[in-house]
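Q: Hey, could you walk me through a structure? I'm new to this, so plain words please.

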Amino acid sequence: MSQSYNRGTVEDFGRWREFTAGMWAWIFHKFTGWVLVGYLFTHIAVLSTAINVDPAAAQSSADIYTNTIAGLESLLVVRFLEVGLLAVAVFHILNGIRLLMVDLGVGLESQDKSFYASLVLTGAIVVASVPTFLGGKLV
Amino acid sequence: MAEHYSSFERGGRRWLFQRLTAVFLIGVLAFHFVLLHFVNHAADITFLGTQARMSQVGYFATMWLFLVTATFHGVNGVYNALVNQGLTGSQKNAVKYLLVVAGLLLVVQGTRVALAMTNLV
Amino acid sequence: MSTQIEQQETETEEQEAEPEVESPGDRRRAAKRQRLQEEEAQRVAEEETLDDEETVHLKVFRYDPEVEGKQEPRFDDFTVPYHKGMTVLDALIYARDRYDSSLTFRHSCRQAVCGSDALFVNGRQRLGCKTQLSDLEDPVRIEPLPHQEVVKDLVVDMEHFYDQMEAVEPFFDPDELPEDDLEEQRQTRENRETVKMSTRCIWCGACMSSCNIAAGDNEYLGPAAINKAYRFAMDEREGEQRKQERLRIIEQEHGVWRCQTQFSCTEVCPKDIPLTEHIQALKRESVKNNLKFW
C-alpha cells in the first residue's frame with residue numbers, strides 16, 4: 001500500500017446537524033469560556049481607572065472611576081452586552097456543574113438531559129433578568 | 001508514543017485544579033453577579049460604594065481569590081483548548097509562556113486595582 | 001472431471017451434455033445445473049421487477065489509488081432490492097456481488113463480533129452488520145471511517161488505532177497465581193460488574209473515529225485504548241506493579257486528560273460500552289493514586 005487518501009477533518013463544523021448533545025455542550029462551554037476569559041481581561045482594564053481616582057472628586061461621585069462606569073452604563077449597547085454576558089456566565093456555570101457531575105461519574109446516562117436542562121434554565125434566568133438589566137436610569 | 005510518557009504532574013494536577021477552581025468559581029461568580037447587578041445596579045456603582053465593600057477584609061479576600069482562581073481557570077482553559085486543537089512543539093511552548101505572562105500580568109494589575117479600591121493605600 | 005469444466009458448463013447454460021451412462025455424480029451435477037438455471041432465471045426475473053419492488057438507494061464512497069480514473073474520490077450510486085431485516089452490510093454485499101465486484105470493504109462474521117465493518121453511515125459511525133436499513137433515511141450514504149486514511153473504497157488504515165491499543169499494554173498480569181496450576185483465578189461478582197462492559201470491545205475503531213480530540217491530537221490514546229486500560233486496571237486481580245505502570249501510561253499528557261467528555265464515543269459504540277464513564281473513572285483513579293504521594 002504505497003498510497004492512501006487523507007480526507008482531512010471530515011467531522012468539521014459543516015456537519016453540525018449531526019452533532020449530539022454532548023458535542024453541543026462542549027462547543028457552547030468552550031465558546032462561553034472564551035467570552036468569559038476575554039471579559040475578565042477587559043473588566044480588570046476598565047476597573048483600572050480606580051487607580052487614578054482623585055479622593056476629593058470621589059466624595060461628590062465625580063471621579064474618573066464612577067464616571068467611566070456611569071458612562072458605559074448609559075449606553076444601551078452596553079446594557080444588551082451585559083445581558084449577553086449574564087447568559088454566557090449562567091450557561092457556563094450550569095454546564096460547569098453538569099461537567100463536574102460527569103467528572104464525579106454521577107448520572108452519565110442522563111448527560112444529554114442535563115445539557116438541555118442547563119440550556120432551558122439559562123434561557124429562563126436571562127429572560128427573567130432582562131428588566132433588571134435594561135431598567136434603571138439610562139442617562 | 002510509548003517512549004516518552006510524561007509524568008502525571010503536568011496533566012493531572014492541572015486537571016484537578018481546573019475542577020477545584022471551578023467549584024469555587026461557581027459560587028463566587030454567582031455571588032458577584034447577584035451583588036453587582038441585582039442588589040446594587042451596575043449603573044449605580046460609585047467609587048465610594050466600591051471602596052466601602054472592598055475595605056472589608058473578608059470581601060477583599062474573596063474578590064482577590066476570585067481574581068486568582070478565575071485567571072488560572074481561564075488561562076488554563078485557553079491553553080487546553082489550544083492543545084486540543086493540535087498545538088505542538090515550540091508553538092505550544094510559546095503559547096504556554098505567553099499565557100503564563102498574561103495571567104501573571106492580570107493578577108498583578110488586578111491586585112493593584114483591588115488595593116486602590118480600598119482605603120488602605 | 002475438474003471443476004473448471006463444470007464451470008464452463010454452467011456458464012453456457014443452453015448446452016445439455018447428456019452422458020451416455022448416468023452415474024450418481026452425473027445426476028447430482030445435472031440437478032445442480034438445473035438449480036443454477038432456476039436461480040439465474042429467478043435473478044433475471046427479480047431484476048426485471050426491481051422497479052416495482054421496494055429498493056434502497058446507496059451512495060458509496062469510492063477511491064482506488066492503483067486504478068487510473070479512480071484516484072479522485074467519488075460517490076457511486078447503487079439501487080439494491082430491499083428485504084425485511086436487511087442491514088447496511090447486506091446491501092453492500094449485494095451491490096458488490098451483483099453490480100461491481102471491485103467494491104471493497106471489510107467484513108467477516110456479520111454479527112457484530114469481529115468488528116471489521118465499522119463504517120460512516122449517514123454521518124455517523126456504525127457497524128454495517130448491526131445497522132438496519134429500515135432505521136436509515138434514503139439515500140444511505142456510506143463512507144469509510146473519518147479521521148483514518150483511506151486505503152481503498154471503504155477500507156481505512158487501522159494501524160494507528162492498533163498502535164494506540166497496544167500502547168496501554170492490554171494484557172492480564174497478576175502478582176500472585178493460585179498455588180494449584182489448574183485453579184481458576186477468581187474475581188468477585190462486584191468486580192466483574194465493574195469491568196463487564198469494558199470487556200465487550202471488538203476493536204472496530206468507531207469510537208476513535210468519532211472523537212473530535214483524537215482527530216486533532218494524533219498522540220491521544222483514544223477511547224478504545226483507555227477503555228482497554230480500564231478493563232485491566234480496574235480488575236482486582238491485576239498486579240499492583242502492573243497497575244502502577246498502566247496508570248502511568250494513561251495519565252501522560254496525551255492520555256485520559258485530553259478527553260473533553262463530548263460523549264461522541266459513547267454515542268457511537270456498537271457494543272454500548274459507556275466509554276466516557278470509564279475514562280472519567282480512570283481520571284479519578286489516577287488523581288487518587290497520585291494524591292497518596294503528596
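What follows is a chat about the chains, a sheet, a helix and some cysteines in this predicted model.

Q: Let's begin with chain A. How many helices and strands does the secondary structure of chain A come to?
A: Chain A has 5 helices and 0 strands. Along the sequence, the pattern reads α-α-α-α-α.

Q: And what share of chain A counts as buried?
A: Of its 139 residues, 42% count as buried. As for the surface, chain A exposes about 7300 Å², and 71% of that is supplied by carbon and sulfur atoms.

Q: Which residues do the contacts in chain A join?
A: If you take contacts between residues at least 6 apart in sequence, 68% of them join residues at least 24 apart.

Q: I was looking at helix α4 of chain A. What should its 29 residues span?
A: Helix α4(A) covers residues 76-104, and at 1.5 Å a residue it should span 42 Å. The C-alpha atoms at its two ends are 42 Å apart, so the expected span and the model agree.

Q: What comes just after α4(A)?
A: That's Gly105(A), which takes a positive phi of about 75°.

Q: OK, chain B now. Which elements does chain B run through from the N terminus on?
A: The elements go α-α-α-α, which is 4 helices and 0 strands. Chain B has 121 residues, and 45% of them count as buried. Its exposed area is about 6200 Å², with 70% supplied by carbon and sulfur atoms.

Q: What about contacts in chain B?
A: Among those with a separation of 6 or more, residues 24 or more positions apart account for 74%.

Q: Chain C next. How many helices and strands does chain C have?
A: Chain C comes to 11 helices and 7 strands. It has 294 residues, 48% of them buried. The accessible surface is about 15400 Å², and 44% of that belongs to carbon and sulfur atoms.

Q: What order do the strands take in the open sheet of chain C?
A: The order is β2-β1-β5-β3-β4 in chain C, so to speak from one side across to the other, with mixed pairing. The edge strands are β2 (74-81) and β4 (124-127) of chain C, and each pairs on one side only.

Q: By how much are neighbouring strands of this sheet turned against each other?
A: By 35° on average, ignoring direction.

Q: How many bridges join β1 to β2 in chain C?
A: There are 8 of them, between β1(C), residues 55-62, and β2(C), and the two strands run antiparallel. One example is Thr55(C), whose bridge partner in β2(C) is Pro81(C).

Q: Which helix lies across these strands?
A: Helix α3 of chain C, residues 88-98, lies across β1, β2, β3 and β5 of chain C. This helix runs at about 100° to β2(C).

Q: Let's stay with β3(C). Are its residues Ala118(C), Leu119(C), Phe120(C) and Val121(C) buried or exposed?
A: They are all buried, with Ala118(C) and Phe120(C) on one side and Leu119(C) and Val121(C) on the other, so both faces of β3(C) are covered.

Q: Why do they switch sides like that?
A: In a regular strand, side chains alternate between the two faces of the sheet.

Q: What does β3(C) pair with?
A: β3(C) runs antiparallel to β4(C), joined by 4 bridges, and antiparallel to β5(C), joined by 2 bridges. Take Phe120(C): its bridge partner in β4(C) is Gln125(C), and in β5(C) it stands opposite Glu143(C).

Q: How many residues sit between the strands in the hairpin of β3(C) and β4(C)?
A: There are 2, and in this hairpin Asn122(C) takes a positive phi near 45°.

Q: New topic: how many disulfides does the structure hold?
A: Over all chains, 0.

Q: Why is Cys207(C) not bonded to the closest cysteine?
A: The closest cysteine sulfur is in Cys204(C), 6.3 Å from that of Cys207(C), and that is too far for a bond. A disulfide needs the two sulfur atoms within 2.5 Å. Cys211(C) is in no disulfide either, as the nearest cysteine sulfur, in Cys265(C), is 6.5 Å away.

Q: Are Cys207(C) and Cys211(C) buried or exposed?
A: Cys207(C) is buried, with a relative accessible area of 8%. Cys211(C) is buried too, at 9%.

Definitions and conventions. Residues numbered from 1 in each chain as written. Chains lettered and ligands numbered in written order. Predicted model: local features only at pLDDT ≥ 70, side-chain atom pairs only at ≥ 80, totals over all residues. Heavy atoms only, no water. Buried < 20%, exposed > 50% of the residue type's maximum accessible area, 1.4 Å probe, protein only. Pairing = 2+ DSSP bridges. Axes fitted to C-alpha atoms, helices over the stretch in contact; angles between N-to-C directions. Contact = heavy atoms within 4.5 Å. Areas by Shrake-Rupley, 256 points an atom, 1.4 Å probe, with all protein chains shown as cover. Expected span 1.5 Å × (residues − 1).
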